[in-house]
Every structure is written in structure tokens, then in C-alpha cells.
Amino acid sequence: MKEKILIVDDQFGIRILLNEILQKEGYQVFQAANGLQALAIAKKHTLDLVLLDMKIPGMDGLEILQQLKKISPDIRVIIMTAYGELEKIEAAKKLGALAHFSKPFDIVELRQTIRSYIPVKLDT
């Protein structure tokens, strides 16, 4: 069974890029453009990891993270931020975020970090 990753970002281009990269890695990928979509997916699927943008119109990343933790306290989250959002990074880490990446991020580094938390299991 493939590991499930949710990408939460209001920028369509980032979701598509990450979706393509992660599917090639062998993950099952879900996408959400906002907090309500993200929470609906989290309620429906057992997710292995969430890539969460911190700056999303409506419900921001910290609110989404808090709600995700209510749905699944052990959910693993990596946050994505604009450069220099130190307060949000610290707040997210206090809520249990595993790591953070500043945009624009290094795809190779992001892929390696994801693999370190959820190695791809080959279907047998």
C-alpha cells in the first residue's frame, strides 16, 4: 500500500509540481487549496504526511495544523513558509511540525526529508 501525502497550498503551480515529484517517488498524493479541503481529506484518509503552506487565505497554516492534530494527534507535518516567517515556524514546531522549508525550496532536499520520515514501500 502506498504512503499517503497531502499537499496543502493555495498556489496551484506548487501543488502540481509537488504532486508530480511525489507521485514519481511512489507516494499516493492528495491536494488541497485551502484549509476546509485539507481537513475534509484528513477526515477521509489516514495520511502519512502533510506538506502544509503557512500562508493560505482564510484558515492559515497554523489553524490548519491545529485542526489536523485534533483529527489525528500523531499526524506528521512539514511546513512550507516564505523566507523569514520565524514566528510562524516556531509556533508550528510547538504544535508538532517536524521540519520547515522556506520557499523557494530545494526539491532534492525536500524529497530527502520526506523520505526520512516516510520511506517508500515497494508494492509486493
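**View 1. Asp 53 sits in strand β3 of this predicted model.** Let's start close in, on a single acidic residue. Asp 53 has a relative accessibility of 4% and therefore counts as buried, the cut-off for that label being under 20%. Its side chain makes a polar contact with the side chain of Lys 103, at 3.2 Å. Setting aside neighbours within four places in sequence, Asp 53 is in contact with Val 8, Asp 9 and Asp 10. Gly 61, Met 80 and Lys 103 complete that set of contacts.

**View 2. Five strands make up an open, parallel sheet.** Stepping back from Asp 53, we can follow the strands across the sheet. Their order is β2-β1-β3-β4-β5. Strands β2 (28–32) and β5 (99–103) stand at the edges with a single partner strand each, so one side of each has no neighbour in the sheet. From one strand to the next, the twist averages 20°.

**View 3. Strands β1 and β2 run parallel and are joined by five bridges.** Here is one pairing to zoom in on. Strand β1 covers residues 4–8. For a specific pair to pick out, look at Ile 7, whose bridge partner in β2 is Gln 31. As a general reminder, strands of a sheet pair through backbone hydrogen bonds, in either a parallel or an antiparallel manner.

**View 4. Helix α5 packs on the sheet.** This helix spans residues 107–117. Helix α5 touches β1, β3 (49–53), β4 (77–82) and β5. Which angle does the direction of α5 make with that of β5? It is about 165°.

**View 5. Five helices and five strands are found in the protein.** Now for the whole chain, as a setting for the close-ups. Starting from the N terminus, the elements run β-α-β-α-β-α-β-α-β-α. The radius of gyration is 13 Å, close to the 14 Å that the globule rule gives for 124 residues, so the protein is as compact as a globular protein of that length. Along the principal axes, the C-alpha atoms fill a box of roughly 45 × 30 × 25 Å.

**View 6. Buried residues account for 45% of the 124 residues in the protein.** Surface and contacts round off the set. The protein exposes about 6800 Å², and carbon and sulfur atoms supply 54% of that area. Among contacts between residues at least 6 apart in sequence, 66% join residues at least 24 apart.

Methods: Residues numbered from 1 in each chain as written. Predicted model: local features only at pLDDT ≥ 70, side-chain atom pairs only at ≥ 80, totals over all residues. Heavy atoms only, no water. Pairing = 2+ DSSP bridges. Helix = DSSP H or I, 4+ residues; strand = E, 2+ residues; numbered from the N terminus. Axes fitted to C-alpha atoms, helices over the stretch in contact; angles between N-to-C directions. Contact = heavy atoms within 4.5 Å. Rg over C-alpha atoms; globule rule 2.2 N^0.38 Å. Buried < 20%, exposed > 50% of the residue type's maximum accessible area, 1.4 Å probe, protein only. Areas by Shrake-Rupley, 256 points an atom, 1.4 Å probe, with all protein chains shown as cover. Polar contact = N/O pair within 3.5 Å; in protein donor to acceptor, adjacent residues only side chain to side chain.
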